[in-house]
Amino acid sequence: MSRLLQRRIGRRTILKQGAGLLVAPLILPRIGLKAASDRINVASIGVGIMGNGNMRRMLSNPDLQLVAVCDVDEWRLNDARDTVETAYAAEMKRGNYKGVAATKDFREILARPDIDAVLIATGDRWHAVISTMAAKAGKDVYCEKPVSLTIHESRVMVETFRRHNRIFQGGFQQRSVDDFAAARRLIQNGRIGKLKNIYCNWYGTSQILNLPPETPPPGMDWDMWLGPAPYHPFNSRYHPIGQRGSRTVPWDIQRDFAGGSITSNGSHHLDIAQWVMGMDDSGPVEIVPGTPERRIIDYKYANGVLVQSFQGQLNPKFQEIPAGFDPVTRFQWQILFVGDRGWIVAGREGPLKASRPEILADVLLTPPEPLAKPDAKTGATSPQDLAEQIYRARGYAHHDNWIQAIRLRSQPVSNVEAATRSTNVAHLGNIATWTGRTQKWDPIKEEFIGDDMANRMRQRAMRAPWTI
Amino acid sequence: MTQAAQTPAPAPLPTLEQSFELVKEFKVGTDSTVLIPIERAVMEVHGNETARAALEKRLVAYLGSSYSSVTRAFVCRQLVLIGSAASVPAVAPLILDDELSVHARNVLEHIPGPESDKALRDALGQAKGRTRIGVINSVAARRDAASTPVLIKILGEDPQSAAAAAKALGEMGTSEAAKALVAARGKGPAPVQQAVVDGTLICADRLVATGQRSQAITLLEGVTDASQPEHVRVAAKRTLSAVTRKS
């Protein structure tokens with residue numbers, strides 16, 4: 001955590017959040033609030049679990065004013081508007097605040113000239129459409145990852161944001177987590193020698209499901225929920241009723257909506273792999289799908305590095321366990337980087353680990369001891385709870401990076417080229433998985449070599465009237 | 001009790017022949033795993049033209065109106081991957097079906113050759129409302145310049161269709177499309193105007209990419225002045241700057 005962030009939040013505040021805030025970050029008081037004329041007016045489009053979390057962080061940000069919320073689910077929409085208005089009323093020390101527009105149609109938001117930027121946390125099927133429409137309306141964008149549904153969408157997003165000189169920040173917030181940044185710096189400085197392997201968690205794709213119809217909740221615009229995706233009847237497995245949901249992205253099981261765990265979770269780690277290798281404008285050259293026995297996707301890069309996505313722990317039958325690394329380590333939100341002179345593990349929850357102490361010399365580590373002790377007075381019951389809360393607090397840093405880029409008209413850490421390329425790596429993993437064969441990929445032309453079927457999977461027609 | 005004992009083993013998949021029988025009765029809500037053998041068969045014809053053509057022919061037989069929408073959507077998904085001009089006559093009528101239109105367009109967008117272009121162009125004259133907008137978007141995706149006269153006509157119709165046509169004309173990137181976009185400038189409601197400007201910027205980029213620099217410069221005149229929002233002016237100037245550098 002940055003020192004600035006530590007000052008803003010403070011250890012006691014973090015502890016007071018409690019485990020329940022795993023799905024709803026605390027709205028912190030805004031310190032150093034900018035004048036209203038200097039604040040960036042933002043709208044939040046999509047306020048489910050991820051959107052609500054982002055929205056709450058924005059409410060704590062002294063640079064932003066949340067002026068509108070949007071969701072096709074009336075329950076979520078009203079809940080979000082009430083959250084914002086209650087927070088601003090409390091800040092102004094008055095009984096009520098009415099200044100937040102609520103709409104089910106994001107086009108109303110894009111048509112408002114007073115809105116500078118939008119935060120998009122809809123389902124993946126919408127990301128490219130709303131992002132490009134926002135850019136064409138002159139808005140800057142923060143978009144949750146994976147930032148596209150197809151490789152073609154990714155390229156159009158890059159062209160559109162470049163054309164209009166708009167700021168795009170992908171929601172790959174691990175780039176704003178100190179430990180991943182430190183690992184990147186150490187690896188690029190040669191602390192583990194020549195990089196050979198990057199081991200990433202998350203494996204599993206989506207399917208074309210044919211779920212039975214159920215009755216949508218009252219006030220829900222199911223047609224707008226589907227948006228550009230082919231028609232499917234409402235089913236609560238896609239969208240839990242009357243709640244933000246217990247799974248972050250329940251719809252990612254359906255291939256028409258998303259790419260499954262490889263894109264939903266896996267793209268986070270693949271993004272860090274791309275970043276560490278300096279491949280923000282490139283990608284792998286060969287992708288080998290997993291098999292029922294070998295549940296590992298290989299991503300081979302032209303620089304000789306092998307990136308692997310798998311689930312859980314390393315499999316010694318197929319993967320080399322580096323010397324000194326605990327072979328029963330359960331992977332979740334950490335990545336193992338292996339070089340020819342050692343290894344580093346970096347993760348969301350910290351601390352950094354390495355094969356030799358000198359690899360981490362001079363690195364300011366996240367202090368695990370003072371923060372990881374359970375505190376009986378505050379309700380934080382386990383180090384895991386606390387670590388997760390600290391990670392979520394780091395989400396502020398990624399928003400801060402976006403805001404700074406908006407003010408300076410500079411590129412944020414997860415800019416449109418980087419975010420779409422990282423998302424594409426996950427798409428490549430899926431396409432190799434769906435075709436069931438090794439794919440050769442040209443990252444310059446963005447074409448598969450010698451596989452027409454795979455190339456056809458790069459693009460999908462959208463349900464009318466939507467397009468990019 | 002172990003975890004393995006609690007979890008029932010998945011039912012064995014049907015054979016390919018059984019799967020082709022089951023697809024006949026496939027309805028909304030039917031377990032889609034019964035069709036996995038067909039999906040696998042599609043993947044396995046890679047590199048075998050004879051097998052691909054045979055499987056395509058077999059799949060096309062399930063596009064008739066006696067089959068359910070989900071059956072026909074499933075078949076379209078397979079034809080997206082292995083379809084050829086031979087599929088076009090059976091797929092084309094589905095463009096006019098509101099629910100299946102996106103699936104049919106998806107197939108046609110992926111089949112190279114003039115047959116798909118013609119099917120989509122013909123549908124432009126028959127489809128209505130939202131379905132026609134989808135066809136406009138598919139014509140744009142294929143950059144079928146022969147559709148330009150119809151798109152120009154649609155520019156004068158309802159705002160949603162006109163906006164889609166403006167964007168499609170931009171994708172064409174031809175001098176004829178550029179002239180139509182200049183003529184449409186300043187006409188119609190705000191969403192159409194925004195689409196005309198968007199189409200103009202896209203068209204200019206396409207013209208530059210094909211070496212038609214002077215047409216691009218002419219097209220961009222009028223979208224660089226102060227009446228345009230900053231994000232439009234910057235886009236136009238970016239392209240103009242690129243043209244100047246190359247000259």
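Contact, as used in these exercises, means heavy atoms within 4.5 Å. The model is predicted, so local features need pLDDT of at least 70 and side-chain atom pairs count only at pLDDT 80 or more, whereas totals for chains, interfaces and linings use all residues. Residues are numbered from 1 along each chain as its sequence is written, chains are lettered from A and ligands numbered from 1 in the order in which they are written, and side-chain values use heavy atoms, with hydrogens and water left out.

**Exercise 1. Place A:Ser131 in its element, and decide whether A:Ser131 is buried or exposed.**

Step one is the element: A:Ser131 belongs to helix 6 of chain A, residues 124-136. Helices (H or I, at least four residues) and strands (E, at least two) are DSSP runs, numbered from the N terminus.

Step two is accessibility, for which buried means under 20% relative accessible area, exposed over 50%, and partly exposed in between, with a 1.4 Å probe and protein chains only. A:Ser131 has a relative accessible area of 0% and is therefore buried.

Step three is the surroundings: once neighbours within four places in sequence are left aside, A:Ser131 contacts A:Ile120, A:Val141, A:Cys143, A:Met157, A:Phe161 and A:Phe168.

**Exercise 2. Work out the same points for B:Gln212.**

B:Gln212 sits in the loop that links helix 13 (190-209) to helix 14 (213-220) of chain B. Its relative accessibility is 24%, so B:Gln212 counts as partly exposed. Leaving aside neighbours within four places in sequence, its contacts are B:Gly173, B:Ser175 and B:Leu207. The C-alpha atom of B:Gln212 is separated by 56 Å from that of B:Leu13, and these two residues are 199 residues apart along the chain.

**Exercise 3. Describe the order and pairing of the six-strand sheet in chain A.**

Begin with the criterion, which is that two strands pair if DSSP finds at least two bridges between them. The sheet of six strands is open, is ordered 3-2-1-4-5-6 and has parallel pairing. Strand 3 (101-103) and strand 6 (168-170) of chain A stand at the edges with a single partner strand each, so one side of each has no neighbour in the sheet. From one strand to the next, the twist averages 20°, where axes are lines fitted to C-alpha atoms, for helices over the stretch in contact, and angles run from 0 to 180 degrees between N-to-C directions.

As a detail, strand 2 (residues 64-70) of chain A is joined to strand 3 of chain A by three bridges in the parallel sense, and A:Ala68 stands opposite A:Ala101 of strand 3.

**Exercise 4. Follow strand 9 of chain A through its pairings, and find which helix lies across it.**

The setting is an open sheet of nine strands in chain A, with mixed pairing and the order 13-12-11-7-10-9-8-14-15. Strand 9 (residues 297-300) of chain A runs antiparallel to strand 10 (residues 306-310) of chain A, and four bridges join them. These two strands form a hairpin with five residues between them, and A:Gly304 in the turn has a positive phi of about 90°.

Strand 9 of chain A also pairs with strand 8 of chain A, in the antiparallel sense and over three bridges. A:Tyr299 thus gives a useful reference point, since A:Tyr299 has A:Val307 as its bridge partner in strand 10 of chain A, while A:Ile287 stands opposite A:Tyr299.

Helix 14 of chain A lies across strands 8, 9, 14 and 15 of chain A, and runs at about 125° to strand 9.

**Exercise 5. Determine how helix 11 and helix 14 of chain A pack.**

Helix 11 (residues 266-277) and helix 14 (residues 416-435) of chain A pack at an angle of about 120°, with their axes 8 Å apart. Angles under 35 degrees count as roughly parallel, over 145 as roughly antiparallel, 65 to 115 as roughly perpendicular and the rest as oblique. Helix 11 and helix 14 of chain A are therefore oblique to each other. The residues that meet include A:Leu270 and A:Asp271 from helix 11 of chain A, and A:Arg421 and A:Val425 from helix 14 of chain A.
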